[in-house]
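Thank you all for coming. I would like to take a few minutes to walk through one structure with you, and please keep the view open while I talk.

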Amino acid sequence: MDGNYAEAFSLSGMSSPVEIVDQVISQAAKMNASDILFEPQEKETLVRLRVDGVLQVFGVMPPGSYDQALARIKVLANMDVTENRKPQEAKIRVEVEGHPYVLRVAVVSTNFGQMVALRVLDLPQYSEFEALGMSPLIVDKIKKNIEGRYGLFLVAGPTGAGKTTTVHTCLKYLNNGEVNIMTLEDPVEYVIGGINQIEVGEDIGMDFANGLRMMLRLNPDVVFVGEIRDSETAKVAIQAALTGHLVISTIHARNSVGALYRMMDLGVDKYMLNYALRAVMSQRLLRRVCEHCRAEYVPTQEEVERYVAEAGQALGELFAGKGCEMCRQTKFAGRVGIYELLEVDDEVRKLVFSGAGETEFREEMGKRGFTGMSREGVRLVNEGVTSLKEYLRTMYDAR
Ligand SMILES: [Zn+2]
């Protein structure tokens, strides 16, 4: 964390601790924050929000108020209010200005008290593909692959890359009343009319793998499995994709090629993968430079070297935000997506069978004209839409 939070505004003078919690949550929703942290320090509790992927201090609370705020959060989450040692996890559903939000809550003990981490689950915008910043070429490819209604369609990226929004846009596109679309989500974040959404999770006693097996008996045409994160789910998803269903899922991987290797790491057989997988998308969300304080930016030597390696061209003029009132000194305002889509064709299948390593695979694809999302990212850097620092951070430091 940078900056001195001693000057952060004290939340205690604001109103009662109960109201503070409600206000922090509604403020976080309005700012499109993805996380809210209540972090007990030696003297007071720090409240931070993650906006556009980066934490910023929202305020501080004295110990007495924090105890009451903590109790309020536990009540909202149906947690044991008296438990102060064991970690607890739950979900909170709230409404802010008529819009429903689901927050995943975790409470853990740290050396200065109980810390609360609230994750505001991804907000699908239910917009058209084009509105997500995708090029017409990518949109055509997505449509072609999901309209086929069989096989596996994967969306890869780290946490916070906007995968949920892309998936929901796909489901909305397919939701024409003529197909049975079923989803397995942990948790169901937003209700979509005409789609059968099923919640899975430890608290429900059903995971993605056994939920998917159960669901296949209900004869769906399209299945969305929230995430492939274990071998069991990967294998059942492949089976489903090979038996006449379109399976859409997300996977935690750096890029589309990485997702193929992740599936193999999870124990999926190369042959099965080659026949089941139709395409893999990969994406990132980059913060847009604030238009009100955008100025020319002089990069460090290291940044210059990384740019040249990345872009394969000499560096032109660069831009970055300076920080202003309009962007609350964050230098950014809003986000923009970058995408790549790898279709599994004969050439890709050959590469999978060949046992090539991941780097070699990507190089081969490059020679065949595959353009990854880095090209799109470099273009946005050159146009000053995002900064070089932001691009490098999102591409390489995101988890
Ligand atoms: Zn600004």
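I will go through the metal site, then the two sheets with their helices, and finally a few individual residues. Please bear in mind throughout that this is a predicted model.

Let me begin with the zinc ion. Which residues are its protein donors? They are Cys290, Cys293, Cys324 and Cys327, each through its SG atom, and they lie 2.3 to 2.4 Å from the zinc ion. The angles among the four donor atoms run from 105 to 112°, and the site is tetrahedral. For reference, the ideal angle for four tetrahedral donors is 109.5 degrees.

Along the chain, the donors of the zinc ion follow the spacing C-x2-C-x30-C-x2-C. Within that pattern, Cys293 and Cys324 link distant parts of the chain, being 31 residues apart: Cys293 sits in the loop between strand S12 (277-289) and strand S13 (294-296), while Cys324 sits in the loop between strand S14 (319-321) and strand S15 (332-343).

Are these two cysteines buried or exposed? Cys293 has a relative accessibility of 8% and therefore counts as buried, and Cys324, at 15%, counts as buried as well. The cut-off behind that reasoning is that buried means under 20% relative accessible area.

If we stay with Cys293 and leave aside residues up to four places away in sequence, it touches Ala320, Gly321, Lys322, Gly323, Cys324, Cys327 and Lys331. In addition, the C-alpha atoms of Cys293 and Gln329 are separated by 9.3 Å, although the two residues are 36 residues apart along the chain.

Now to the sheets, beginning with the one of six strands. This is an open sheet with the order S3-S2-S1-S6-S5-S4, and its pairing is antiparallel. Why is one side of strand S3 (54-61) and of strand S4 (88-96) left without a neighbour in the sheet? Both stand at the edges, and each has a single partner strand. Neighbouring strands of this sheet are turned by 20° against each other on average, with direction ignored.

On one of its flanks we can look at a pairing in detail: strand S2 (residues 45-51) and S3 pair in the antiparallel sense over seven bridges, and Thr45 stands opposite Met61 in S3. Helix H1 (residues 17-30) packs on this sheet, where it touches strand S1 (33-40), S2, S3, S4 and strand S5 (99-110), and the direction of the helix makes about 145° with that of S1.

The second sheet has seven strands; it too is open, with the order S9-S8-S10-S11-S7-S12-S15, and here the pairing is mixed. Strand S9 (196-199) and S15 stand at its edges with a single partner strand each, so one side of each is left without a neighbour in the sheet. The twist averages 20° from one strand to the next.

For a parallel pairing in this sheet, please look at strand S10 (residues 222-228) and strand S11 (residues 246-251), which pair over five bridges, with Leu246 in S11 as the bridge partner of Val222. Helix H12 (residues 373-382) packs on the sheet, touching S12 and S15, and its direction makes about 150° with that of S15. Helix H13 (residues 388-397) also lies across S12 and S15, running at about 145° to S12.

Finally, some details of the backbone. Most residues other than glycine have a negative phi, and most peptide bonds are trans. In this model, the peptide bond from Asp186 to Pro187 is cis, with omega near -5°, and Pro187 lies in the loop between strand S8 (181-185) and S9.

Two residues other than glycine have a positive phi: Asp52, with a value near 50°, and Asn78, with a value near 55°. Asp52 is found in the loop between S2 and S3 and, at 14% relative accessibility, counts as buried. Asn78 is found in the loop between helix H2 (63-76) and S4, and Asn78 is exposed, with a relative accessible area of 72%.

My last residue is Thr169, which belongs to helix H4 (residues 163-174) and is buried, with a relative accessible area of 3%. A polar atom of the Thr169 side chain lies 2.7 Å from the backbone oxygen of Thr165.

Definitions and conventions. Residues are numbered from 1 along each chain as its sequence is written. This is a predicted model: local features need pLDDT of at least 70, side-chain atom pairs count only at pLDDT 80 or more; totals for chains, interfaces and linings use all residues. Side-chain values use heavy atoms; hydrogens and water are left out. Donors are N, O and S atoms within 2.8 Å of the metal (3.2 Å for Na, K and Ca); water is not among the atoms, so sites may look incomplete. Four donors count as tetrahedral if all angles lie between 85 and 135 degrees; four count as square planar and six as octahedral if opposite donors are over 155 degrees apart and all others between 65 and 115; anything else is irregular. Helices (H or I, at least four residues) and strands (E, at least two) are DSSP runs, numbered from the N terminus. Buried means under 20% relative accessible area, exposed over 50%, partly exposed in between (1.4 Å probe, protein chains only). A polar contact is a pair of N or O atoms within 3.5 Å; within protein, one must be able to donate a hydrogen and the other to accept it, and residues adjacent in sequence count only if both atoms are side-chain atoms. Two strands pair if DSSP finds at least two bridges between them. Axes are lines fitted to C-alpha atoms, for helices over the stretch in contact, and angles run from 0 to 180 degrees between N-to-C directions. Contact means heavy atoms within 4.5 Å.
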